[in-house]
Amino acid sequence: MFVGPSAEAIHEFCRQCVLEDISGILAHHLGTPAIEQVNALVNQLFDADLAAKRAAGEQNTTSSTVIPLHPRNKHLH
């Protein structure tokens with residue numbers, strides 16, 4: 001389990017997992033420039049989501065939050 005020190009750290013971890021998954025899927029079908037374009041869009045979406053959460057006043061009520069190590073609960077070691 002990943003224990004995040006803050007909501008932002010958890011958000012960043014999720015962003016990294018999504019970028020990794022999407023890049024892996026697209027690598028079989030598209031070239032690097034297209035993958036970079038999609039990654040830029042995903043980053044924009046995650047930035048907008050985080051900004052919306054901050055604007056809505058969403059805060060973590062506990063000192064840490066636990067999320068699975070990987071979205072599909074795969075062990076990466």
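How many disulfides does the count come to in this chain?

## Cysteines and disulfides

The count comes to zero disulfides. The structure is a predicted model. A disulfide is a covalent bond between the sulfur atoms of two cysteines. For a pair to be counted here, the two sulfur atoms must lie within 2.5 Å. The sulfur of C14 has its closest cysteine sulfur in C17, at 6.4 Å, and that is too far for a bond. Seen from the other side, C17 is likewise in no disulfide, with the sulfur of C14 as the nearest, 6.4 Å away.

The two residues can also be described by their accessibility. C14 has a relative accessible area of 33% and is therefore partly exposed. C17, at 7% relative accessibility, counts as buried because the limit for that class is under 20%.

## Overall architecture

The chain contains two helices and two strands. Read from the N terminus, these elements follow the order β-α-α-β.

Of the 77 residues in the chain, 22% count as buried. Among contacts with a separation of 6 or more, 72% are accounted for by residues 24 or more positions apart.

## The helix pair

Helix α1 spans residues 7-27 and helix α2 spans residues 32-55. Their axes come within 10 Å and cross at roughly 155°. Angles over 145 degrees count as roughly antiparallel, and α1 and α2 are therefore roughly antiparallel to each other. The crossing of these two helices is right-handed.

On the α1 side, the contact is made by E8, H11, C14, R15, V18, L19, I22, S23, L26 and A27. On the α2 side, the residues are I35, V38, N39, V42, N43, F46, D47, D49, L50, K53 and R54. Sorted by class, the contact has 11 nonpolar, four polar and six charged residues. C14, partly exposed at 33%, is one of the α1 residues that take part in this contact.

Conventions:
Residues numbered from 1 in each chain as written. Predicted model: local features only at pLDDT ≥ 70, side-chain atom pairs only at ≥ 80, totals over all residues. Heavy atoms only, no water. Axes fitted to C-alpha atoms, helices over the stretch in contact; angles between N-to-C directions. Helix = DSSP H or I, 4+ residues; strand = E, 2+ residues; numbered from the N terminus. Parallel < 35°, antiparallel > 145°, perpendicular 65-115°, else oblique. Left-handed = near helix turned anticlockwise from the far one by under 90°. Contact = heavy atoms within 4.5 Å. Nonpolar A, V, L, I, M, F, W, Y, C, P; charged D, E, K, R; others polar. Buried < 20%, exposed > 50% of the residue type's maximum accessible area, 1.4 Å probe, protein only.
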